Amino acid sequence: MPSSPLPILSLLVAWIHCLPGNNHSTNSTHHHDYCVLGAGPAGLQMGYFLSKSQRDYIILERNSGPGSFFNIYPRHRKLISINKIYTGRRNREFNLRHDWNSLLSDRPDLLLQRISTQMYPEADALPRYLSLYSRELGLKVRYGVDIGRVSASNLRTPGGRSYTLIDQQRTEYSCRVLLVSTGLWVPQQVQFVGSELVEGYESVPVDPEQYRNQAVLILGKGNSAFETAQNILGHASSVHLYSPNPVRLAWQTHYVGDLRAVNNELLDTYQLKSLDGLADGGLEEIAIVKDGGAGRKRKGRAGKGRDTGKGGRGQLYFTLAELLDRPMGNKTSDPVSISSYHDNFPFRLPYDRVIRCLGFRFNFSIFDSSARPSPSAEARGRLPRVTAWYEGKGTPGLFVLGTAAHSRDYRSSAGGFIHGFRYTVRAVHRVLEQRYHGNAWPLTSLPNNQLISWLLRRVNEASGPYQMFRVLGDIVLLRGSHCEYLEEFPLQALPKLPTLSGHQVTKSGLLVLVMEYGLNNTDTLGAGRSQTEWTQGWRSRFLHPVLYFYSKLPTERDMRQRPAGWPLPRPKAVHHIIEDFLTKWDAPISHIQPLRRFLEHCLQTDLRAFYAESCFRFSLTNRRPPTFCYQAYLKKQGLIGNSQLWQHARDAGLMATNHNSWTAPENTPLPDHESPPSF
């Protein structure tokens, strides 16, 4: 009987699988200029800018779709980011001030409102939107790539420093620039006696019925803690929140990461004494112990006479570790052994559940020592430390994007949220274009007599400085009779402006436009909370524009020594445009006239605008007509020197096609007839 061919075939198949290209665990390497780690909102936003500039990039995502964090969180499936569709305005840039979920693109319809019209959308809408965004823009995303190790080559190697990423199949990705946009997804934990008895926000049941008539202690007072409390308020017998810090209300601090009104119903039941409450104290010093009786009955609570605790495992008692009679390592001490309680101790009654809601931290574990960014002192080390242009400290060529880069503006602006970091990502892309490709920061050249109109347009429409207040600002480089306008530059990087932007500061100086809240947040709803007199603009508490004038570029030392609470060093002159109830800074007397006078003082020139008839009379009766008349009337025949306006005039047949357009020469000094008398 002939032998079976199956063993020979098996050997042949095995040999074929061992050939290069047939084994998924072989060390193949993919080379790209840019590797984007993570396909969340920040990663896709950077992918859009890299795609638009036609760079060689790849986005690596470990899950099967973009924005996978939002498939799980928030646990109770309601976003707290505003999706305000109806603003009464058609200006796209203005409307982004009130759309906190959409990403930037050149597609005016590529907004979250295509998925949801709710003011606070369901969490499932965000991954659907991100999938739509990635698909319609054709972004280069590779899913199912779980990067387990990131390392960096030595700076002295040929070609300079590069980064190598290795995935679960041992496939390597090599890139010159690594853009980390993994977000924060590792649950933040604190170790204390009995911490293993605590349930986590990431795994706790979300069905309110499972909390029926239970006493619940929640560790934390952020939005996740209040979101969890709000979900069970109608079913739990009592809900207590405990953490080191008091509650911070977003409408008081102006920080959107603090407690939002949509989650704060427990404040009512606490202040109106309906069994719920808040308490302050440290977490490392506490102890959670259980009574040791898996089938003990409750006593002294509404649920007496029934088994309690998770799975009938006994009730949980809150105390301080130093009060335990038994060694701190004993996690199952009976509550009768706890001494030194005051008879009105707030936590003297047992709990059925203790839930940890302490937020998330950055995953440092995938980076080896050559590529690991150091932890920031902000947010208890949960975030990586980055420069003012979002490059990792000690990791050149590694940039941190999105929520993970929030250490730069933690608790002070919106850089940890989509409506903030979509603009910081754009700023990082502009830094990359200048550093690696020699493309200077985009600017607009303006004659000085157009500066007021341009500033007013920005403060009334621009979303970037509006959302990233105190962090991103507009820079006006003064060039004599004209100026150059740079949008949304990282303010803390101002001393590095020439290097990062590719533009120099001349002896004429520069202006910086910043949006700021006032420093007094103590009584945000009290009488006298706002200012209406323009002379009191410096006392404005609500968001308002501030202009800083510097005769020379501030230094790193100036930035370190700036006054407390200031985003920038002390300037040569500063102007606060008075806050406005409608956030419309267009009032002739309260807004425009004080701004013009400030700019005239800084530029040492007359910036008044006139009708053609007035300019005609000035020209006949004055040897030195106002600057506006000289530039816009005598030299331009009534048409302001803007290239778009010139082209429009030619297209409309109002001007000969061969008429010379206005171009501002570099560093043109003010002519004699434009120099006003000294103040």
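Buried, in this report, means under 20% relative accessible area. With that cut-off in hand, here is a tour of the model, which is a predicted one.

## The chain as a whole

The chain holds 16 helices and 22 strands. Of its 679 residues, 52% are buried. Long-range contacts are well represented: among contacts between residues at least 6 apart in sequence, 67% join residues at least 24 apart.

## A disulfide between two helices

Let us start with the cysteines. The model has one disulfide, and this link joins cysteine 615 to cysteine 629, with an S to S distance of 2.1 Å. The angle about the S-S bond is -80 degrees, and the link of cysteine 615 and cysteine 629 is left-handed. Because cysteine 615 lies in helix α14 (residues 612–621) and cysteine 629 in helix α15 (residues 627–634), the pair ties together parts that are 14 residues apart in sequence.

How accessible are these two partners? Cysteine 615 has 1% relative accessibility, so cysteine 615 counts as buried. For cysteine 629 the value is 0%, which is under the 20% cut-off, so cysteine 629 is buried too. Two further cysteines can be set beside them: cysteine 35 is buried at 0% relative accessibility, and cysteine 483 is buried with a relative accessible area of 0%.

The two helices that carry the disulfide also pack against each other. The axes of α14 and α15 are 10 Å apart, at an angle of about 110 degrees. That angle makes α14 roughly perpendicular to α15. On the α14 side, the contact is made by Ala612, Cys615, Phe616, Phe618 and Ser619, and α15 contributes Phe628, Cys629, Tyr633 and Leu634. By class, the contact of α14 with α15 has eight nonpolar residues, one polar residue and no charged residues.

Within α15, the residues Thr627, Phe628, Cys629, Gln631 and Ala632 are buried. What do the buried residues of α15 pack against? Their partners are β17 (443–447) and α14.

## Helix α2 against helix α8

A second helix pair is formed by α2 (residues 41–52) and α8 (residues 418–437), whose axes come within 9 Å and cross at roughly 40 degrees. This makes α2 oblique to α8. The crossing in which α2 passes α8 is right-handed. From α2, the residues Pro41, Ala42, Gln45, Met46, Phe49 and Leu50 take part, and they meet Ile418, Phe421, Arg422, Val425, Arg426, Val428, His429 and Leu432 of α8. The residues of this contact of α2 with α8 divide into ten nonpolar, two polar and two charged.

The two helix pairs can be set out side by side:

| Helix pair | Axis separation | Angle between axes |
|---|---|---|
| α14 and α15 | 10 Å | about 110 degrees |
| α2 and α8 | within 9 Å | roughly 40 degrees |

## Two buried residues with distant partners

Helix α8 brings us to arginine 430, which lies in that helix. Is arginine 430 buried or exposed? At 16% relative accessibility, arginine 430 counts as buried. Leaving aside neighbours within four places in sequence, arginine 430 is in contact with Asn439, Trp441, Pro442, Glu487, Glu488 and Leu500. The C-alpha atoms of arginine 430 and phenylalanine 489 are separated by 9.3 Å, and these residues are 59 apart along the chain.

Glycine 464 lies in helix α10 (residues 464–467). This glycine 464 is buried, at 0% relative accessibility. Which residues does glycine 464 contact, leaving aside its neighbours within four places in sequence? They are Glu93, Tyr423 and Glu488. Tyrosine 423 is 41 residues from glycine 464 in sequence, and the C-alpha to C-alpha distance is 5.8 Å. Glu488 thus appears in the contact list of glycine 464 and also in that of arginine 430.

## An enclosed helix

The tour ends at helix α5 (residues 223–232). Eight of the ten residues of α5 are buried, so this helix is largely enclosed by the rest of the structure. Those buried residues are Asn223, Ser224, Ala225, Phe226, Glu227, Thr228, Ala229 and Ile232. Around them, the packing partners are the strands β9 (215–219), β10 (238–243), β11 (277–280) and β14 (353–356), together with helix α7 (265–271).

How values were computed
Residues are numbered from 1 along each chain as its sequence is written. This is a predicted model: local features need pLDDT of at least 70, side-chain atom pairs count only at pLDDT 80 or more; totals for chains, interfaces and linings use all residues. Side-chain values use heavy atoms; hydrogens and water are left out. A disulfide is a pair of cysteine sulfur atoms within 2.5 Å. Helices (H or I, at least four residues) and strands (E, at least two) are DSSP runs, numbered from the N terminus. Buried means under 20% relative accessible area, exposed over 50%, partly exposed in between (1.4 Å probe, protein chains only). Contact means heavy atoms within 4.5 Å. Axes are lines fitted to C-alpha atoms, for helices over the stretch in contact, and angles run from 0 to 180 degrees between N-to-C directions. Angles under 35 degrees count as roughly parallel, over 145 as roughly antiparallel, 65 to 115 as roughly perpendicular and the rest as oblique. A crossing is left-handed if the near helix is turned anticlockwise from the far one by less than a right angle, and right-handed if clockwise. Ala, Val, Leu, Ile, Met, Phe, Trp, Tyr, Cys and Pro count as nonpolar, Asp, Glu, Lys and Arg as charged, and the others, Gly among them, as polar.
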